[in-house]
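Work through the exercises below with the sequence and the model open. Try each task before reading its solution.

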Amino acid sequence: MEGNRARFGTAVRQKAEEAMGQGGTVAKNYWLVKSEEDVYSIRDLARDGVTGWEGVRNYEARNLLRDRMKVGDEVLFYHSNGRPPGVAGIARVVREGYPDPTAFDAASPYFDPRSRPENPRWFQVDLAFVEAFPRIVGLDEIRGVPQLAGMALLRRPRLSVQPVSPEEFRLVVEMGRKG
DNA sequence: GCCAACGTTGGC
DNA sequence: GCCAACGTTGGC
């Protein structure tokens with residue numbers, strides 16, 4: 001659902017790499033974000049390099065974007081309404097939560113007059129392209145793996161930004177890289 | 001602050 | 001295109 005616009009990438013990417021090189025007093029976190037394949041796909045992210053993850057209008061997802069997602073965190077990129085629906089690749093957080101400008105824009109489909117610049121209601125992060133899998137890790141396939149039964153993807157339908165455990169992340173990536 | 005109506009998500 | 005699940009809104 002998150003429609004999008006490209007943003008400059010070099011400075012934020014450098015910041016991300018610096019943060020990751022800081023020697024890890026804080027463990028990296030993992031996430032999954034959903035996007036409708038025909039609205040904004042992993043191919044669009046590959047083309048853009050970096051994008052603002054705008055348009056999220058759910059409070060639980062908002063809280064994760066605003067408070068929990070950190071530079072360097074890795075993100076499974078999920079195609080909802082895909083053929084098939086499934087995880088298509090990996091992105092990385094390169095800018096932490098900041099007010100979603102589309103909420104202030106009356107011309108945007110994500111406009112929300114209740115969000116004011118002096119008291120913003122909706123937040124976004126910037127995500128950078130990392131890789132596209134050679135194949136989609138389908139929702140049905142994920143359902144079939146016992147170690148993935150706890151994924152929020154299966155337990156929390158409709159939540160468009162959600163946490164993923166390190167083990168879940170590792171497994172899904174392994175599946176996706178197998179052609 | 002309850003909860004029915006409403007709207008959205010997203011698989012099928 | 002259908003519709004179940006479920007989050008949000010708003011009347012009271």
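## Exercise 1: Y59 and its ring partner

Y59 is partly exposed, with a relative accessible area of 42%. On this scale, buried means under 20%, exposed means over 50%, and partly exposed lies in between (1.4 Å probe, protein chains only). The model is predicted: local features need pLDDT of at least 70, side-chain atom pairs count only at pLDDT 80 or more, and totals for chains, interfaces and linings use all residues. Residues are numbered from 1 along each chain as its sequence is written, chains are lettered from A and ligands numbered from 1 in the order in which they are written, and side-chain values use heavy atoms, without hydrogens and water.

**Task.** Describe the aromatic pair of Y59 and W122.

**Solution.**
1. Apply the criterion: rings of Phe, Tyr and Trp (its six-membered ring) pair if their centres lie within 6.5 Å; planes under 30 degrees apart are stacked, over 60 edge-to-face, the rest tilted.
2. Y59 and W122 are 4.8 Å apart centre to centre, with 35° between the planes, a tilted pair.
3. Y59 lies in helix α3 and W122 in the loop between β4 (86–99) and β5 (123–138), so the pair ties together parts 63 residues apart in sequence. Helices (H or I, at least four residues) and strands (E, at least two) are DSSP runs, numbered from the N terminus.
4. W122 is buried, with a relative accessible area of 2%.

## Exercise 2: The strand surface

**Task.** Which residues surround DNA strand C, and which atoms make the polar contacts?

**Solution.**
1. List the neighbours: N58, Y59, R114, R156, P157 and R158. Near means that a heavy atom of the residue lies within 4 Å of the strand.
2. Look at the strand side: sugar and phosphate make up 72% of the atoms of DNA strand C that come within 4 Å of the protein.
3. Find the polar contacts (here, N or O atoms within 3.5 Å). A backbone N or O atom of Y59 is 3.3 Å from a phosphate oxygen of DNA strand C. A polar side-chain atom of R156 is 3.5 Å from a phosphate oxygen. A side-chain N or O atom of R158 lies 2.7 Å from a base oxygen.

## Exercise 3: The Y40 cluster

**Task.** What is the geometry of the pair Y40 and W53?

**Solution.**
1. The structure holds 4 aromatic pairs. Y40 and W53 form an edge-to-face pair, 6.3 Å centre to centre with 80° between the planes.
2. Check burial: Y40 is buried at 3%, and W53 is buried at 0%.
3. Extend the group: ring pairs link Y40, W53 and F77 into a cluster.

Methods. A polar contact is a pair of N or O atoms within 3.5 Å; within protein, one must be able to donate a hydrogen and the other to accept it, and residues adjacent in sequence count only if both atoms are side-chain atoms.
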